[in-house]
Amino acid sequence: MIEIKDLVVKYRRKNEETLALDKININIGTGDIYTFIGPSGCGKSTLLHVLSGILRDYTGSVRIDGRAIDPKAQRIGLILQNYGLLPWKNVYHNTMLGVKIKNDQQVMDDYGRYILQQLGIESLLDRYPKELSGGQQQRVAIARAFILKPDLLLMDEPFSALDAISREELQDLFLKIWKQNNVTTAFITHSVDEALYLGSKIVVFSPAPGRILEVVNNPCFQLDNLRFRDEYYDMCMNLRKILDKG
Amino acid sequence: MIKVLSNTKWQGALYSLVLVIIIWQALSWLLKLPIIPSPFAVLINIIQIFAAKMEIHLLYSLGRIVGGIALSILLGVPMGFLMGYFNRVDKVLSPLVYFTYPVPKIALLPIIMLLFGLGEASKLIMIVLIIIFQIIITSRDAVKGIPQEIFRSLQSLGANRLQIFKEVIIPASMADVLTATRLALGTAVSILFFTETFGTQYGMGYFIMDAWMRVNYLDMYAGIIILSLMGFCLFTVIDITEKHISSWR
């Protein structure tokens with residue numbers, strides 16, 4: 001369970017103070033997946049930086065399972081748009097990075113091998129990131145996050161740099177693995193389609209400074225053949241309306 | 001791919017060596033001066049005197065240069081890393097580094113000699129003083145050039161400082177540090193020669209100057225060639241290490 005109460009983030013640049021997030025209040029239940037959508041620059045990524053413990057300069061309270069954020073105590077899986085892989089490590093060592101730092105684990109266990117196999121990258125273990133396509137690199141980043149067995153999964157527009165075909169392929173693959181693990185997930189996106197496809201609830205942000213306009217229940221979540229259904233188009237319209245109003 | 005590249009590199013080295021020998025030989029025939037002996041006479045001289053007269057000098061020079069470079073890396077790299085990682089350290093040390101970098105250190109030689117004597121210490125200090133700046137600045141810039149996302153991934157995993165240094169900072173900047181070392185090597189050989197012309201009876205610098213004083217041009221050329229070869233070998237060693245370490249690039 002993630003509880004965010006009256007979260008305010010300000011950026012100080014020289015003598016100017018910019019409000020990035022204004023009074024954010026939201027709870028994400030354990031095992032839920034929330035998508036966050038809003039115009040660019042609305043502070044979605046800032047929220048993720050707070051949740052991942054990178055940004056500590058904020059007011060209000062953010063608690064994960066009743067405790068303050070501490071990346072040393074909690075297991076946080078972070079997946080970024082540009083993958084965040086270490087270019088000097090091959091696929092094997094990149095996917096091992098999380099458990100190496102958290103558990104001092106040096107060798108891949110059965111679960112790790114299972115995840116690699118699910119993501120179809122078990123034959124790429126010797127390759128370096130520069131030798132992989134964008135989609136393959138993102139698979140490695142996803143593998144690294146899941147192998148960590150995280151309490152919380154944070155994803156910052158992870159698929160937006162990919163072409164349409166690999167994007168939908170990876171969305172499906174991600175959902176499949178996510179269902180098996182049911183990790184509490186905050187997923188940031190700027191695509192209405194992706195928000196609907198991957199979120200059990202959709203949090204809509206206003207333009208800067210970021211406020212929550214609405215938290216929408218998503219009846220479309222996990223429906224088969226979602227993109228061919230009427231509900232999907234209705235929800236799309238609905239979301240776009242909320243975004244336009246903001 | 002790498003193999004093909006290094007093959008052409010070796011061929012290039014061979015061609016230029018042949019070219020240098022041809023020009024040298026031509027000059028020696030044309031000018032007929034004792035100061036320009038035939039390259040083959042020099043080569044034969046090297047074979048004859050190397051084990052007996054030159055080996056000890058080569059070992060001394062090699063020891064000084066390897067020691068100087070090792071010491072510069074040992075001191076300069078951690079300092080550069082700290083400056084690159086902690087902005088506060090950078091703010092304090094950067095002005096100091098920028099202020100002392102352009103000072104011609106070789107002009108400090110009399111002071112170094114007065115303080116540390118004529119022996120090995122002042123030779124080592126001279127080499128370190130001159131090449132350490134390149135190494136400090138390169139290490140600092142290498143750390144500063146690491147993208148923020150990479151640090152973020154590690155931070156979100158709760159990595160401590162030691163783990164960040166081990167997993168990110170050292171592997172990310174090793175290749176740049178080696179490039180700086182390779183560049184510094186050329187400078188280091190020149191300083192080595194200069195410092196070996198005083199206060200010692202060993203070292204290639206001494207050997208060359210001594211041969212010159214004795215008007216033994218064959219020995220002098222032998223010394224120059226052996227000193228150059230030593231530089232070339234060190235250069236190649238760093239080159240190969242760099243290729244190996246930066247295979248991910």
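How many helices and how many strands are there in chain B? Chain B holds nine helices and zero strands, where helices (H or I, at least four residues) and strands (E, at least two) are DSSP runs numbered from the N terminus. The structure is a predicted model, in which local features need pLDDT of at least 70 and side-chain atom pairs count only at pLDDT 80 or more, while totals for chains, interfaces and linings use all residues. Residues are numbered from 1 along each chain as its sequence is written, and chains are lettered from A and ligands numbered from 1 in the order in which they are written.

Read along the sequence, chain B follows the pattern α-α-α-α-α-α-α-α-α, and its C-alpha atoms fill a box of roughly 70 × 50 × 30 Å when taken along the principal axes. Of the 249 residues of this chain, 29% count as buried; a residue is called buried if 20 or more other C-beta atoms lie within 10 Å of its own, exposed if 12 or fewer do, and partly exposed in between, with C-beta atoms placed from the backbone. Among the contacts in chain B with a separation of 6 or more, 76% are accounted for by residues 24 or more positions apart, a contact being counted if the C-beta atoms of two residues, placed from the backbone, lie within 7 Å.

In chain A, six strands form an open sheet of mixed pairing, in the order β6-β7-β8-β3-β9-β10; two strands are taken to pair if DSSP finds at least two bridges between them. Strands β6 (76-79) and β10 (212-217) of chain A stand at the edges with a single partner strand each, so one side of each is left without a neighbour in the sheet. Neighbouring strands of this sheet are turned by 15° against each other on average, direction ignored, with axes being lines fitted to C-alpha atoms (for helices over the stretch in contact) and angles running from 0 to 180 degrees between N-to-C directions.

Starting from the edge strand β6(A), the pairing with β7(A) is parallel and extends over four bridges, and A:Ile76 has A:Leu152 as its bridge partner in β7(A). Strand β7 (residues 152-156) of chain A pairs in turn with β8(A), in the parallel sense and over five bridges, with A:Met155 standing opposite A:Phe187 and A:Asp156 standing opposite A:Ile188. The chain crosses from β7(A) to β8(A) through helix α5 (residues 164-181) of chain A, and this β-α-β crossover is right-handed, meaning that, with the strands pointing away from the viewer, the path from the first strand over the helix to the second runs clockwise. On the other side of the pairing scheme, strand β3 (residues 33-37) of chain A and β8(A) are parallel over five bridges, and A:Ile33 has A:Thr185 as its bridge partner in β8(A). Strand β9 (residues 201-205) of chain A and β10(A) pair in the antiparallel sense over five bridges, where A:Ile202 is matched with A:Val216 in β10(A).

The two strands joined by the crossover are both mostly covered, five of five residues being buried in β7(A) and six of six in β8 (residues 184-189) of chain A. In β7(A), the buried residues are A:Leu152, A:Leu154 and A:Asp156 on one side and A:Leu153 and A:Met155 on the other. In β8(A), A:Thr184, A:Ala186 and A:Ile188 are buried on one face, and A:Thr185, A:Phe187 and A:Thr189 are buried on the other. By contrast, A:Ser61, which lies in strand β4 (residues 59-64) of chain A, is exposed, with 12 other C-beta atoms within 10 Å.

The largest nonpolar core (a set of buried Ala, Val, Leu, Ile, Met, Phe, Trp, Tyr and Cys residues joined through C-beta atoms within 7 Å) has 112 residues, of which A:Phe36, A:Ala143, A:Leu154, B:Ile127, B:Ile135 and B:Ala188 touch the most other members. Its largest share, 13 residues, comes from helix α5 (residues 120-144) of chain B. Leaving aside residues up to four places away in sequence, B:Ile127 touches B:Arg64, B:Ile65, B:Gly68, B:Ala188, B:Ile191 and B:Leu192.

The contact between the chains takes 19 residues from chain A and 15 residues from chain B. On the side of chain A that touches chain B, β6 and α2 (91-103) of chain A each supply at least two residues, and α2(A) gives the largest share, four residues.
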